[in-house]
Amino acid sequence: MIRIKQTWQARTNQYVTPFLLVLVDFIVCNAAAILSAALVERVVGAPLLISKVWYSIMPCVFILYMIPMRMYRTRRILRECTGRIFRATFYTIVTVIVLDYIISGERITIPRGFLFTYWAISYAFACFGRIAARNILRKIGIWQNTIIIIGAGKTAERFVQAFSENYEIVGIIEDDRSKPLLQRYPHLGGFADIRGILHQHPVQEVVLATPGLSKKEQATLFYLVQPYVRSVSVIPNIFGVPIGNVEIESSLDDRLLVLKTRNNLNSLSNQLLKRAFDLLLGSILAVLISPVLIVLAVLIKLDSNGPAFYNAARIGKGGKTFKCYKFRSMYVNADHILLEFLGKHPEAEEEWKEFQKLRGDDPRVTHIGKFIRKYSLDELPQIFNVLKGEMSLVGPRPYLLREKEKIGRYLPVICMTTPGITGLWQVSGRSNISFHGRLHLDAWYVRNWSLWQDIVLLFRTIGVVCGKKGAY
């Protein structure tokens, strides 16, 4: 039997790091409870009649939910980590409410204002605590698992791009020395040298990024490396399949693995949840931005002839047409200006065919239009489309009717939900992405929808808009 060698960092990572993460979670959640109580007492002007025992119970409940989510042993990317923390804090609040009812009967001992304050603060503290702990442990050298990647093609490049922050990549095993990834990481040898490489470089994990191999070759490779490491990760050749909501089923008798993907937006409960989220947040935003809308409407009228709004027909849910509200950012004869400009500039015509936008100086855009486009202010009136149910805060791009033919096979998927004011395409490059690239991102969003994903995209939109990335 081959004995798996482990460095002191690996042993610390395996046994000490989970304990440290549990300790951090307990401390930050306990601090969140104390701070929440102090804030509520300051607001109501009276002391809270709540047992201090709850200050320790709530962190423990939170930790009990984090354990089955595998938040103490598995290294996860930040977006997934914050999503799981959000769910754990929510489940904690629900559990505490139930426990309070069971223990105290109809007499509620924990004020609901305190609980909701604790929910918000504990979520923020837990996220920052996890980020801080991860950064400190990474500097010490006990956060990242040591791995060797077998294969250096596009699959390996995608893996490195997505997960490299959680791994120390010792090197790559690949027969083809010309692969670009080998310029960034050490080339340890070819497939024929695997045994010797794993003896010479003891690691915790091996990643098989070789989806091009046959099933027999994959199985042979798996059984070859498994005795030398604690775990083997296999990246299957299922690119293009929605994986955001995957469930795994297996049959040991038949040696069968089943990956089940759910169409979340086909669920009535999820549709109602998304709509409720849009109505709640959309109503608040509509009130907050009303003064801005009035000022921009006046500026647009003063800047050029024509109406303040440009209400174009767009493709909505189920392929139905609706009027999409936007501030007018172009001159009223924009179509004529475009044809004239493309006729004089062939290079601009090629750009228009690929992106359906002019990414440089667009002659159709007014002076105030350049400003409102730079910060996406022209899309603010779409908040009323959201309240009417024609759009969502987050969703696919609202496509023009003339683009229906170009959308092609993506149309049924994109029309499964309402288009959004922002979306995955907007935070991934906006006008820098080709038309086909936008379609691919929108289809991915629909197939992998979750409410948490919508929340993340809204926060990412703020950063993109403030950075003016991809705005033309």
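I'll start at S376, which sits in the loop between α11, residues 367-374, and α12, residues 382-388. S376 is not a glycine, yet its phi is positive, at about 60°. Is S376 buried or exposed? With a relative accessibility of 9%, S376 counts as buried. Please keep in mind throughout that this is a predicted model.

Set R70 beside that. R70 is not a glycine either, and its phi is positive, at about 60°. R70 belongs to the loop between α2, residues 54-66, and α3, residues 78-104. Here the relative accessibility is 53%, so R70 counts as exposed.

Now the overall picture. The chain is made up of 17 helices and 11 strands. Of its 472 residues, 45% are buried. Taking contacts between residues at least 6 apart in sequence, 68% of them join residues at least 24 apart.

Next, the sheet. An open sheet is formed by 5 strands, and reading across, the order is β3-β2-β1-β4-β5, with parallel pairing. Which strands stand at the edges? They are β3, residues 187-189, and β5; each has a single partner strand, so one side of each has no neighbour in the sheet. From one strand to the next, the twist averages 30°.

I'll go through the pairs, beginning with β1 and β2. These two strands pair in the parallel sense, over 6 bridges. Between them the chain passes through α5, and this β-α-β crossover is right-handed. One position to look at is N145, which stands opposite Y167 in β2. As for β2 itself, 5 of its 7 residues are buried, so the rest of the structure largely encloses this strand.

On to β2 and β3. This parallel pairing runs over 2 bridges. I172 has H187 in β3 as its bridge partner.

Then β4 and β5. Strand β4, residues 205-208, and strand β5, residues 231-234, pair in the parallel sense, with 4 bridges. The chain gets from β4 to β5 by way of helix α7, residues 215-225, and this β-α-β crossover is also described as right-handed. At L208, the bridge partner in β5 is V234.

Before leaving the sheet, a word on α5. This helix covers residues 154-163 and lies across β1, residues 145-150, β2, residues 167-173, and β4. Relative to β1, α5 runs at about 160°.

Now three helices, taken by their length and end-to-end span.

Helix α4, residues 112-140, has 29 residues, and at 1.5 Å a residue these should span 42 Å. The end C-alpha atoms of α4 are 41 Å apart, which agrees. Buried residues in α4 include F114, L115, Y118, I121 and S122, and further along R130, A133, R134 and L137. After α4 comes G141, with a positive phi near 100°.

Helix α16, residues 435-447, has 13 residues, for which 1.5 Å a residue gives 18 Å. Its end C-alpha atoms are 19 Å apart, and that agrees as well. Among the buried residues of α16 are F435, R438, L439, D442 and Y445.

Helix α8 does not follow that pattern. It covers residues 268-303, 36 residues, and a straight helix at 1.5 Å a residue would reach 52 Å, but the end C-alpha atoms of α8 are only 46 Å apart. Where does α8 bend? The bend is at I289 and amounts to about 50°. A proline, P291, follows within four residues. I289 is also one of the buried residues of α8. Others on that list include N270, K274, F277 and D278, then G282 and A286, and after the bend residue L293, L296, A297 and I300.

On the spacing within such lists, an α-helix has 3.6 residues a turn, so residues three or four places apart point the same way.

Last item, G318. This glycine is in the loop between β8, residues 312-315, and β9, residues 321-324. Its relative accessibility is 61%, so G318 counts as exposed. How far apart are the C-alpha atoms of G318 and V413? They are separated by 9.4 Å, while along the chain the two residues are 95 residues apart.

To recap the points worth checking on screen: positive phi at S376 and at R70, the sheet order β3-β2-β1-β4-β5, and the bend of α8 at I289.

Definitions and conventions. Residues are numbered from 1 along each chain as its sequence is written. This is a predicted model: local features need pLDDT of at least 70, side-chain atom pairs count only at pLDDT 80 or more; totals for chains, interfaces and linings use all residues. Side-chain values use heavy atoms; hydrogens and water are left out. The expected span of a helix is 1.5 Å times one less than its number of residues. The bend at a residue is the angle between axes fitted to the seven residues ending there and the seven starting there. Buried means under 20% relative accessible area, exposed over 50%, partly exposed in between (1.4 Å probe, protein chains only). Two strands pair if DSSP finds at least two bridges between them. A crossover is right-handed if, with the strands pointing away from the viewer, the path from the first strand over the helix to the second runs clockwise. Axes are lines fitted to C-alpha atoms, for helices over the stretch in contact, and angles run from 0 to 180 degrees between N-to-C directions. Contact means heavy atoms within 4.5 Å.
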